[in-house]
Amino acid sequence: MKLSAFRIRNFRSMVDSKINYLSIDNITALIGQNESGKTSILEALNSFSNGIISEDMLRSDSAYPVISCYFEFSGKFLKDYLDLNKIPSGLKKKLQKKNGIWLERSWKNLATTTFKCSDTEFVEFYKEQNESDQTRVKNIYRNIQQINSKTNDLRAEIQIIEKDKIELIKETEELTKRLNKIQKGLDKAKKPDLIQSYQHEHEAANKIYSQKKIDLDEILKILNEKQKKLEAYGETDQLAVRFLEIKQIYNKEQENFDKCNEELQYFENLYNKTINPKETDVLANNIDYLKNEQGKLEYIFYEAQQKLNFIERVAEKVFVGKNTRVAESEVKIELSKQLDIYTLEQIGDEMSKHLPVFEFFEDFASLLPNRIDLADLFDQNTFIEGYKAVNNFLTISGLSANFFKQENDRILKQRIENLNGEITIDFHEFWSQKIGTQNKIHLNFELEHYDNSIPEKSGKPYLEFWIKDNYERLYPKQRSRGVRWFLSFYLELKAIAMSKQMKVLLIDEPGLSLHAKAQQDVLKVFENLKKDLQIIYCTHSTQLIDREKMFRILAVERKEGEGVYSQSIILDAKSLKTANNETMMPVFSVFSGHIIKENKLIKNQNLVVDDISTFYYLSAFSKLIGENSEIHFIPSSDVNGITVMTNLLTGWRTNFSVLLPGSIEGQKIFDELKNSLFINKKDLIDTKLILMEEENIVDLFSKFDFKKHILNKRIGIPESNSEYIEINNLSKNFLASQFATMVDTGVIQQNHLDEQTIEAVTALIRKIEDSVGF
């Protein structure tokens with residue numbers, strides 16, 4: 001699995017780096033001024049891998065970082081890493097042939113991190129599912145609230161009616177008693193006027209009684225109707241009450257859990273700012289207590305969440321008419337199956353098992369010691385000085401600590417002697433420096449035993465290391481800082497490359513203590529090991545930038561006009577033309593500095609060209625068409641910079657010719673050089689100044705070859721090749737670099753170009769060869 005791209009948000013000066021792709025050949029160089037944010041990129045990628053951040057990595061707004069990385073699968077697909085049975089059915093077909101994935105690490109606080117899949121197809125699918133679930137839950141909750149509201153209203157109405165009913169029953173009972181009393185009086189009355197009085201009273205009371213009976217019957221009827229309505233809600237009524245109780249408990253547990261997290265974050269931030277030992281001890285105890293509480297509350301909250309999820313699903317089924325018990329059984333089955341479906345976090349966890357290992361190379365962190373006890377190697381005492389470097393040394397030698405357990409000293413020493421020669425030869429492939437003109441250093445280690453001068457270790461074995469030259473034999477610590485750094489660097493990278501697992505090596509400004517030629521050796525090590533590991537490094541050194549592989553560059557700079565709080569931005573090879581001059585200084589130095597490398601100034605075959613794209617195309621054309629590859633193409637920053645370049649070369653007393661594009665600007669510079677540098681000397685003008693017929697060198701390609709080999713697509717192009725590039729805002733330098741790389745690697749050969757292109761290119765190469773002296 002290979003790291004192909006990254007995106008960094010809220011990390012130091014990086015608000016949002018946007019998506020940035022790494023070099024396809026496993027070597028990516030980060031260039032830019034000091035404080036531009038180069039090292040922050042390395043640290044962010046390291047934090048992505050190990051999950052560790054510190055307060056100084058946060059921005060001033062205290063937003064926590066979000067770091068995303070895209071990994072490509074080498075000869076595999078996503079289905080080879082994940083169990084397709086745990087992928088939602090709606091995604092299975094889409095993902096079977098997927099050959100890469102985005103993964104994201106984010107932080108809630110300094111101690112709490114989340115690692116998950118952030119791939120668009122996954123995220124959108126799960127987002128749709130989540131939105132659907134949220135809509136479903138909202139509908140359930142709305143129904144629950146409606147039911148609860150209606151049943152509560154019914155209960156309130158029934159309660160009022162029941163009260164009225166009781167009052168009426170009481171009144172009718174009192175009226176019954178009164179009627180009975182009146183009737184008794186009537187039965188005993190003898191006098192007509194008294195009888196008549198009782199009769200009137202009985203009639204009035206009976207009338208009231210009859211009305212009360214009518215009212216009571218009506219209330220009983222209404223009460224019966226209300227009770228039937230309430231009974232009609234049946235299980236849904238009970239479910240609504242149960243749901244609201246569970247929801248209330250869930251809200252309470254969520255509040256407790258969130259409050260604990262806030263307190264923990266507060267104390268952790270306070271701990272990171274505190275330097276008083278007593279205060280830090282108190283804070284540490286508080287943090288330990290809160291972490292323990294957090295674990296308990298998280299479990300309680302999780303249980304409440306599970307219960308709420310369960311009752312929501314049950315309610316959904318009951319609302320469409322299912323029996324509560326049947327609904328509960330169905331939900332249990334559904335949830336047991338749902339547990340087998342990946343979450344985004346679980347996908348992240350699964351993929352993390354297969355990711356390359358990220359290693360931040362630290363200067364002098366793994367220096368070779370003068371000696372190390374074999375006992376420390378056997379016991380894997382990683383804290384002993386030089387343990388890592390010795391392990392690297394033994395890995396490169398093809399040995400393990402167990403090798404030294406054999407008892408035959410003669411076999412051991414013979415094997416060590418042979419290995420010393422092999423390691424030195426391998427080291428010389430990368431370290432080209434000499435002491436004087438001939439003397440090169442040699443790496444040696446020997447198996448020795450302590451004598452009686454150290455009684456407690458007498459007779460015990462140890463390994464001793466030397467860095468020798470023809471004059472003296474010195475311990476590693478006695479050698480120069482540069483030699484020690486390069487040896488540490490060589491041992492680390494070589495050992496990493498020999499491991500079976502793919503690794504991403506992050507290096508901050510390699511070789512600062514090295515001579516320029518030794519820095520070239522660093523790049524040589526990168527080139528040699530790029531098949532076995534990915535390398536991302538920051539540099540200000542021109543020696544660590546390959547002028548023929550500008551596609552490796554990511555330029556980092558601060559946004560203009562925002563002062564010290566400005567954001568860092570990243571520019572890829574296609575966008576380098578927008579980078580400021582300070583950012584591009586190493587690149588400019590590469591293309592001007594290569595003139596004097598390897599004594600090129602004493603040679604005559606120099607050709608000044610207008611820009612880097614012309615340099616790439618001519619380098620490629622020379623390999624395809626030219627009979628002699630000794631022409632030294634010297635690119636200017638642009639056509640207007642040619643004058644400065646020619647003045648510089650003139651001052652260095654270098655013979656050169658100039659190739660100019662047939663554009664208006666090119667014609668202008670041609671006239672200027674003709675009148676100033678060559679002072680109207682016709683013979684020199686005719687031989688040393690070449691004005692192309694084409695406005696840009698890319699116009700030498702036929703339309704067919706331009707589309708096939710430069711654009712890599714089939715489209716109609718009515719305008720010239722150069723106009724198409726400009727209109728569509730394409731990077732001419734990137735396109736030229738790609739073409740040069742394909743020619744260099746043999747992907748494109750002369751017979752791949754059509755007759756029109758070959759004829760135009762051949763004519764130009766012949767002019768150039770004639771001009772520079774062939």
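The legends below describe several close-up views of a predicted model.

**View 1. A salt bridge within one helix, between K296 and E293.**
In this view the side chains of K296 and E293 form a salt bridge, and their closest N and O atoms lie 3.8 Å apart. Both residues belong to helix α5, which covers residues 277-318, and because they are 3 residues apart there, about one helical turn separates them. K296 counts as partly exposed, since its relative accessibility is 46%, and E293, at 21% relative accessibility, also counts as partly exposed. For E293 the cut-off matters, because a residue is called buried when its relative accessible area is under 20%. The pair shown here belongs to a structure that holds 36 salt bridges.

**View 2. A salt bridge between distant parts of the chain, D373 with K457.**
Here the side chains of D373 and K457 meet in a salt bridge, with a distance of 2.7 Å from N to O. The two residues are 84 residues apart, and the pair links distant parts of the chain: D373 sits in strand β9 (residues 371-373), whereas K457 sits in the loop between β10 (442-449) and β11 (461-468). D373 has a relative accessible area of 12% and is therefore buried, while K457, with a relative accessibility of 29%, counts as partly exposed.

**View 3. A second salt bridge between distant parts of the chain, D611 with K732.**
The closest N and O atoms of D611 and K732 are 2.8 Å apart, and the two residues form a salt bridge. This pair, too, links distant parts of the chain, as D611 lies in the loop between β17 (606-609) and α14 (612-624), and K732 lies 121 residues away in helix α20 (residues 732-744). D611 is buried, its relative accessible area being 6%, whereas K732 counts as partly exposed at a relative accessibility of 36%.

**View 4. A network of salt bridges that includes R313 and E334.**
In this view several charged residues are joined together, for R313, K317, K322, E330 and E334 are linked in a network of salt bridges.

**View 5. Helices α14 and α21 where they cross.**
The axes of α14 and of helix α21 (residues 755-772) come within 10 Å of each other, and they cross at roughly 95°. An angle of 65 to 115 degrees counts as roughly perpendicular, and the two helices α14 and α21 are therefore described in that way. On the side of α14 the contact is made by L618, F621 and S622, and on the side of α21 by V761, L764, I765 and I768. Sorted by class, this contact of α14 with α21 has 6 nonpolar residues, 1 polar residue and no charged residues.

**View 6. The largest nonpolar core, with F489 among its members.**
The largest nonpolar core has 51 residues, and of these F404, L463, F489 and F526 touch the most other members. Helix α11 (residues 481-498) gives the most to this core, contributing 10 residues. When neighbours within four places in sequence are left aside, F489 is in contact with F361, I507, V522, V525 and F526. Apart from this core lies another one, of 49 residues, with I8, M57, L110 and F115 among them. In soluble globular proteins, nonpolar side chains tend to be buried together.

**View 7. The surroundings of L22 in a loop between two strands.**
L22 is found in the loop between β3 (20-21) and β4 (27-31), and because its relative accessibility is 10%, L22 counts as buried. Leaving aside neighbours within four places in sequence, the residues in contact with L22 are L3, S4, A5, F6, T28, Q534, I536 and L554. E255, by comparison, lies 233 residues from L22 in sequence and 44 Å from L22 in space, taken from C-alpha to C-alpha.

**View 8. E35 and Q380, two residues with a positive phi.**
E35 is not a glycine, and yet E35 has a positive phi of about 70°. E35 is found in the loop between β4 and α1 (38-50), where, at 66% relative accessibility, E35 counts as exposed. Q380 is likewise not a glycine, although Q380 has a positive phi of about 55°. Q380 lies in the loop between α8 (374-378) and α9 (387-397), and with a relative accessibility of 57% Q380 counts as exposed.

Definitions and conventions
Residues numbered from 1 in each chain as written. Predicted model: local features only at pLDDT ≥ 70, side-chain atom pairs only at ≥ 80, totals over all residues. Heavy atoms only, no water. Salt bridge = Lys/Arg side-chain N within 4 Å of Asp/Glu carboxyl O. Helix = DSSP H or I, 4+ residues; strand = E, 2+ residues; numbered from the N terminus. Buried < 20%, exposed > 50% of the residue type's maximum accessible area, 1.4 Å probe, protein only. Axes fitted to C-alpha atoms, helices over the stretch in contact; angles between N-to-C directions. Parallel < 35°, antiparallel > 145°, perpendicular 65-115°, else oblique. Contact = heavy atoms within 4.5 Å. Nonpolar A, V, L, I, M, F, W, Y, C, P; charged D, E, K, R; others polar. Core = buried A, V, L, I, M, F, W, Y, C linked by side-chain atoms within 4.5 Å.
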